[in-house]
Amino acid sequence: KSSPFKGSSYYFYDLNLKMNYRVSPKDKIYVSGYYGKDVFRFVDSDAGFNVRMPWGNGIGAFRWNHSFNGKLFMNLSATYSNYEFSFQSEQDGFNITLLSRNQDIGGKLDFTYIPNFRHRIEAGAHYTYHIFQPQNVSANQDTIEFDTGEIQKYLSHEVAFYVQDEIDITEWFRM
């Protein structure tokens, strides 16, 4: 109780969700999600100083698996992730907040063809849309708002295509 750092704290939590649903003998749906957050707070009550740093990540995924027959399979996926980090500080009426955020929105289409138990062919396409916000700053002193400029935002597209052919020549040799 007598510490000048009384009120300082750290806590975190994680939430997970996973659901699988068989729509038909040839179709399955998978939904998963995760959200986690950490919060660190440092207080020096003698100096009137207060810092709060929360950060966390939220992720969601949806996947549809379809079996065309016993040899050809498809997976169609949609994903989303959002990472945020924040630094908030207050002392003597001066407040500053820094925020950083990265978001990804993506989709994948994958096919697997198994002509026989020694031969497997995979092909697909992946796409991710990245939204980067490396810094967003706001500050004020009592009723004065400081102009820190526009929020920086960078956008990026990522595309990938692939084909993989795997053959077991012998029990010890794979090509």
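## A salt bridge at Glu122

The side chain of Glu122 meets that of Arg120 in a salt bridge, with 2.8 Å from N to O. This is a predicted model. Glu122 has a relative accessible area of 18%. Buried means under 20%, so Glu122 is buried. Its partner differs in class: Arg120 is partly exposed, at 34%.

## The salt bridges as a group

How many salt bridges does the count come to? There are four.

One of them joins Arg101 and Glu84. Their closest N and O atoms lie 3.3 Å apart. This pair links distant parts of the chain. Arg101 sits in strand β5 and Glu84 in strand β4, and 17 residues separate them. Is Arg101 buried, partly exposed or exposed? Its relative accessibility is 24%, so Arg101 counts as partly exposed. Glu84 is partly exposed too, with a relative accessible area of 32%.

## A network around Arg174

Another salt bridge forms between Arg174 and Asp168. Here the closest N and O atoms are 2.6 Å apart. Which residues make up the network of salt bridges? Glu166, Asp168 and Arg174 are linked in it.

Arg174 and Asp168 fall into separate exposure classes. Arg174 has a relative accessible area of 53%. Exposed means over 50%, so Arg174 is exposed. Asp168 has a relative accessible area of 22% and is partly exposed.

## Two aspartates with positive phi

Most residues other than glycine have a negative phi. Two aspartates in this model have a positive one.

Asp92 has a phi near 50 degrees, a positive value in a residue other than glycine. Where does Asp92 lie? Asp92 is in the loop between β4 (72-91) and β5 (94-116). Strands β4 and β5 also hold the partners of a salt bridge, Glu84 and Arg101. The relative accessibility of Asp92 is 63%, so this residue counts as exposed.

Asp142 is not a glycine either, yet its phi is positive, at about 55 degrees. Asp142 also has its place in a loop, the one between β6 (119-141) and β7 (144-146). Is Asp142 buried or exposed? With a relative accessible area of 59%, Asp142 is exposed.

Definitions and conventions:
Residues are numbered from 1 along each chain as its sequence is written. This is a predicted model: local features need pLDDT of at least 70, side-chain atom pairs count only at pLDDT 80 or more; totals for chains, interfaces and linings use all residues. Side-chain values use heavy atoms; hydrogens and water are left out. Helices (H or I, at least four residues) and strands (E, at least two) are DSSP runs, numbered from the N terminus. Buried means under 20% relative accessible area, exposed over 50%, partly exposed in between (1.4 Å probe, protein chains only).
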